[in-house]
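Welcome! Here is a short briefing for anyone meeting this structure for the first time. Please take a look at the sequence and the model before reading on.

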Amino acid sequence: QVQLVESGGGLVQAGGSLRLSCAASVRTSATYPMGWFRQAPGKERDIVAGISWNGLSTYYAASVKGRFTISRDHAKNTVYLQMNSLKPDDTAVYYCAARTYGGYNSAAYSRSGDYDSWGQGTQVTVSS
C-alpha cells in the first residue's frame, strides 16, 4: 500500500498563497489518480481537487475553481496543490488521497469513496 505524506501547510493571511505537496512512497503512484480533500472542524471531509494519473483530467470543487491548481510530477512521485487568493473559509486540514486500483483511465475522481489510501493531513489556517 502506498504511503502519502503531505507538507506545506501553515498560517497565511487572507489573499495569500500556499503550495501543498504530497509525496508518495512508491514509483507506481505515477499510475494512480490522486486527490486533495479538506476537513474543517465539525464538517465532513470534502473534495478540493482531483487529477487523473496522466494529468490530462482534473476536477475542482466550485468553491476553489479559479484559485487552486492541482498538478503532479511523476519523476518526483509528488502531487501539488497550489492555493492562491486564500480565504478564511479555506481553513481546514488538507488530506492527500490516492486511488490505487482500477487500472489506467484518464479520469479525475471527486468522491472520498473513490480513494483507498490517505495521508495524515496538513493544517492550513487562513487569518482574516
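Are F37 and Y115 buried or exposed? Both F37 and Y115 are buried, where buried means under 20% relative accessible area, exposed means over 50% and partly exposed lies in between, using a 1.4 Å probe and protein chains only.

This is a predicted model, in which local features need pLDDT of at least 70 and side-chain atom pairs count only at pLDDT 80 or more, while totals for chains, interfaces and linings use all residues. Residues are numbered from 1 along each chain as its sequence is written, and side-chain values use heavy atoms, with hydrogens and water left out.

**The aromatic cluster**

- F37, Y115 and W118 form one aromatic cluster; rings of Phe, Tyr and Trp (its six-membered ring) pair if their centres lie within 6.5 Å, with planes under 30 degrees apart counted as stacked, over 60 as edge-to-face and the rest as tilted.
- By this rule the count comes to three aromatic pairs.
- The ring centres of F37 and Y115 are 5.4 Å apart and their planes meet at 80 degrees, so this pair is edge-to-face.
- F37 belongs to strand β4 and Y115 to the loop between β9 and β10 (117-118), so the pair ties together parts that are 78 residues apart in sequence; strands (E, at least two residues) and helices (H or I, at least four) are DSSP runs, numbered from the N terminus.
- Y115 and W118 also make an edge-to-face pair, because their ring centres are 6.4 Å apart and their planes stand at 65 degrees.
- Y115 has a relative accessible area of 5%, so it is buried, whereas W118, at 28% relative accessibility, counts as partly exposed.

**The four-stranded sheet**

- An open sheet of four strands follows the order β1-β3-β8-β7, with antiparallel pairing; two strands pair if DSSP finds at least two bridges between them.
- The edge strands are β1 (4-7) and β7 (68-73), and each of them pairs on one side only.
- Strands of a sheet pair through backbone hydrogen bonds, either parallel or antiparallel.
- β7 and β8 are joined in the antiparallel sense by six bridges, with R72 opposite V79 and T69 opposite Q82.
- Four residues lie between the strands in the hairpin of β7 and β8, where N77 takes a positive phi near 50 degrees.
- Six bridges also join β3 to β8, and these two strands run antiparallel; L18 has M83 in β8 as its bridge partner.
- Side chains alternate along β7: F68, I70 and R72 point to one face and are buried, while T69, S71 and D73 point to the other and are not.

**Strand β8 and the nonpolar cores**

- β8 is mostly covered, as five of its six residues are buried.
- Y80 lies in this strand, β8, and its relative accessible area of 12% makes it buried.
- Leaving out residues up to four places away in sequence, Y80 touches R19, L20, S21, W36, T69, I70, S71 and D73, where contact means heavy atoms within 4.5 Å.
- Which residues touch the most other members of the largest nonpolar core? They are M34, W36, L81, M83 and Y94, out of 28 residues in this core; a nonpolar core is a set of buried Ala, Val, Leu, Ile, Met, Phe, Trp, Tyr and Cys residues joined through side-chain atoms within 4.5 Å.
- At least two residues of this core come from each of β3 (18-24), β4 (34-39), β5 (46-51), β7, β8, β9 and β11 (122-127).
- Apart from this core lies another one, of five residues, including F37, I47, A97 and Y115.
- In soluble globular proteins, nonpolar side chains tend to be buried together.

**A buried aspartate in a loop**

- Where is D90 found? D90 sits in the loop between β8 (78-83) and β9 (92-98).
- D90 is buried, because its relative accessible area is 2%.
- The side chains of D90 and R67 are joined by a polar contact of 2.8 Å; such a contact is a pair of N or O atoms within 3.5 Å, where within protein one must be able to donate a hydrogen and the other to accept it, and residues adjacent in sequence count only if both atoms are side-chain atoms.
- Neighbours within four places in sequence aside, D90 is in contact with R38, R67, F68, S85, V124 and V126.
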